[in-house]
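Work through the three exercises below with the sequence and the model open. Try each task before reading its solution.

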Amino acid sequence: MSDTPAPTAPIHAPAGVGMLRGARTFPEAARQALGDPQLRHNLGHATATIREKRANVVAEVADWAELRNAGEAIKSATMATLDEQLIRLEHQVTAAGGVVHWASDADSANEIVARLVRETGSREVVKVKSMATQEIGLNDALAQAGIDAYETDLAELIVQLGGDLPSHILVPAIHRNRAEIRNLFLRAIPDIDPGLTDDPRALAAAARRHLRQRFLAAKVAVSGANFAVAETGTLCVVESEGNGRMCLTLPDTLITVMGIEKVVPSWRDLEVFLQLLPRSSTGERMNPYTSLWTGAHRGDGPRAVHLVLLDNGRTSVLADQVGRDALNCIRCSACLNVCPVYQRTGGHAYGSVYPGPIGAILSPQLTGIEHNASLPYASTLCGACYDVCPVKIDIPSILVHLRAQDVEVKRARRDVPTPESVAMAAAAWTMTDDRRWSRAQRSSRLARLVGRRRDKARGLIRSLPGPLAAWTVARDAPRPPAQTFREWWARERSSDGQRR
Amino acid sequence: MPRRPRVALFVTCLVDTLFPDVGKATVAVLERLGCEVVFPVKQTCCGQAHINTGYHRDAVGLVRKFVTTFEDFDAIVAPSGSCIGSIRHQHSMIAEKAGDGGLAARARAVGTRAFELSEYLVDQLGVTDVGAAYPHTVAYHPTCHSLRALGVGERPLALLRSVRGLQLIELPNGDQCCGFGGTFAVKNADTSVAMLTDKMTDVLSTGAEVCAASDSSCLMHIGGGLSRLQAGVRTVHLAEILAATEDAAP
C-alpha cells in the first residue's frame, strides 16, 4: 500500500520544514549558550547524574562487550538488507490489519499524518514522545492544518508549554531546572494550584492532572517507534512514564511515524536492544514501560493503526559506506551525556533535533553537508562517545570523514580557495620534504623576536596574529626554542644522524 | 636481552619545533634502558592535523613520507599518543581513499610497529621502573587519544609510581578532554576555553606542583592556560619525568 512511490535516487531532507538545520553555525550558537551560567550548571549537573547511573548499571553486565558487538552486528546486517526488511515489515503490518504509508521526506510524512487525522474528523491528537515527528516538524504542520497536537511526555510537555525547543534526545528539557519548570507551569497550565512547589513529585502530579483529561478525550494518537520487528509486523515504544502507554491504548486511531532505519529483522534481535537501550539511556536495568503492538484488534486498543515509514534523507546516508553507521543509532543519548562539548553548550547549539555527537554526524548527512557544515567540527575527537555507544558507532571516524567531505565540497564550489585550505596545502608541501621543513622551522624562530622582554624571558607569546589569535584569547603560546630537536641531534649525534 | 633493541624515534613535528627537551628526554630514557636510538632525519609530520581537519588529499604525501622514512625499522617510538593513534588508525584509510592500496598495506604494517612511549617501555621492554627520580607532586592527565584510541590504560601511571620521590595525586575528571582537539581550539575557541577552564580547575584542586601528560599538544593547551593565569603549576611531559634522575634532576 503506497501513498507515494519510493524515491529512485537518494535525496536529502528538504529545507524549510522540520528541525534539522540551525539558523546559526555551531560556534556562533555555542558562544551564546556558553554565556548562560544557569544553563551550564543545569547541564553539568544533569549529565553527570545520568553518566554515573549509566556507568553503574553497565558495569553490572558481565557480557556488555558481547552485547555491544551483537547490537552492532544486527544493525549492520539489517542495513545491508534494509529494502527487504521494510517490505517484510509492510507485508506483516498489513496482514495484521494495519496500514503502511511510505513518506519520502518530511513534507510527505506531514501531509499523510494530517490527512489521516482529518479523515477521523478529530481536530486534536495526543502525542507520544518521538524524535521522528520532531525531526519533520509535525506539530507545526498539524497546526497549519487546524489540528492541535498535545505532547504527553513530561519533558516534551515542558518544552511545548514554554514554546521552547528540545535540547536532548532523551531528556528534552534537560536545560531547565525545577524552579524554572515550576514558574512555567504556573504560567502555562490553566487552573493550576498557585501554591505549587518545585518538588519533582508535585510538578509531576500537576502535569498528570493536566494530561489526564487529554488522554480520556483524545480520539487520535501519534507516536514514533523505537523498533519495528519485521517478522511479525510488531511496533515497539520504550518509555518511562506510562503516558506513552495511555496514548497507544486509549484512542481509536494510532498513527506511528518511524524512520526506516528502526526496523529489526526478528524478536531475537529485539531482545539485544531491549538490554542495551535502557542501561545506556536512562541508566536503568529495564525501562518501566515497553509497549508492543501488532496491527489492529477488535475490542482492544486502537481500531485503526497506521505506520508511516519515513526516509527524509536516510537513503542517502545509507549510500555512504563510512557515514551509514550513523543509521545504527538507537537514540539512547549516552554519547550526549559523556560529550565534553555537549555538556558545556547544550543541545540547542547544534540547531537540530539530534544534538551532541550523534547529531553532529547524523544531521549533516540527512540535510547534505552544505547545510550543517560546522557540525562535524563541533568535537575534539576525544572518543568518549565511541566508548559508550551501545552499537559501537565510530563517531570520531565519521566526524573526520564528514570534515573531508566538507573540505571537498567547498573546494569544488569555490573559485578562490579558503585561507585555511591554502595554509593546509602549504604546510603539506613543506612537510613532505624534510629540507623544506627544516627551513620552515628555522624561520618560525623569528617569532622569538616579537613580544615583550618579560614574556620572552618566560618563553611564551601572549598574542598571535590572524586566525591563531583565537588561541591567545585565553592561552599563552610557547615561544620557539633556540634550537630544534633535529638541530640538537645533528650537533650531538651527527654520526647516528647520518645513518639515514 | 639478547641484543640491543634498535628504536627509531619519531619525535613529532610539534616536539621537534617547539618542545625539543621532550625529544631529548625520550632519547635519554630509551638509551638508559639499553636501546640504540636512531633519529631518521627525513622525518617530518604524521599528518594528523591535516587528516583531522579534513584535508585528506593533502595528507597523502605526508603518509607516504612517514611510511617511506620508517618502514625499515622494527620499532618506532613517539612521545605522543595522538600521533601514534593517527599512524595506527588513520594512515591506511588516507592511502585507501587516495586509491593507493599498496601504500595502505605498507602503512598498516608500519602501524603495527609504532608505539607510544609508555606502550614501548611497558609492553616491549617489559619495564615499569626506569630508574628515574623526580621529587615532586604530580597530577597526571591521561589524554584522550592515549586513553581511548590506544588504550594505554595504567601504563603511564605504573611508570610514574615507580619514580623515586614522585608523589602521584589523582586528577579529578581526568578522563575528560582538555579542550584542545587540534584546530578545534581555534574553530571552536569558546567551547575549547570552557573545557580548558574546567580542566585547570581540576588540576589546581589537586595542589600538585606539576601537571604531566604524554602528549605535548595537550600540555601546550593546558600549560598555555595555566601560564596565562600565572597559576604556578608547571606542565611536564611524561618523558621528561622519566628522564630525570637523582644525578640530573631538571
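The exercises deal with a chain contact, a helix pair and a sheet, all in a predicted model.

**Exercise 1.** Find how many residues of chain B are in contact with chain A, and which element of chain B gives the most.

Solution. Start with the count: 55 residues of chain B are in contact with 52 residues of chain A. Next, list the elements of chain B that give two or more residues to this side; among them are α1 (13-18), α2 (20-32), α12 (189-206) and α13 (216-229). The most comes from α12(B), with 7 residues. Finally, sort the residues on the chain B side by kind: 27 are nonpolar, 19 polar and 9 charged.

**Exercise 2.** Decide how α12(B) and α13(B) are oriented to each other.

Solution. Take the angle: the two helices, α12(B) and α13(B), pack at about 75 degrees, and their axes are 10 Å apart. Angles of 65 to 115 degrees count as roughly perpendicular. Therefore α12(B) and α13(B) are roughly perpendicular to each other. Then look at the contact: B:Leu196, B:Lys199, B:Met200 and B:Val203 of α12(B) meet residues of α13(B) including B:His221 and B:Leu229. The contact of α12(B) with α13(B) holds 6 nonpolar, 2 polar and 1 charged residues.

**Exercise 3.** Which strands stand at the edges of the chain A sheet with order β8-β5-β6-β9?

Solution. Read the order: this open sheet has 4 strands and mixed pairing. β8 (263-264) and β9 (289-294) of chain A are at the edges; each has a single partner strand, so one side of each lacks a neighbour in the sheet. Inspect one pair: β5(A) and β6(A) are antiparallel over 3 bridges, and A:Ala228 has A:Leu235 in β6(A) as its bridge partner.

Conventions: Residues are numbered from 1 along each chain as its sequence is written. Chains are lettered from A and ligands numbered from 1 in the order in which they are written. This is a predicted model: local features need pLDDT of at least 70, side-chain atom pairs count only at pLDDT 80 or more; totals for chains, interfaces and linings use all residues. Two residues are in contact if their C-beta atoms, placed from the backbone, lie within 7 Å. Ala, Val, Leu, Ile, Met, Phe, Trp, Tyr, Cys and Pro count as nonpolar, Asp, Glu, Lys and Arg as charged, and the others, Gly among them, as polar. Axes are lines fitted to C-alpha atoms, for helices over the stretch in contact, and angles run from 0 to 180 degrees between N-to-C directions. Angles under 35 degrees count as roughly parallel, over 145 as roughly antiparallel, 65 to 115 as roughly perpendicular and the rest as oblique. Two strands pair if DSSP finds at least two bridges between them.
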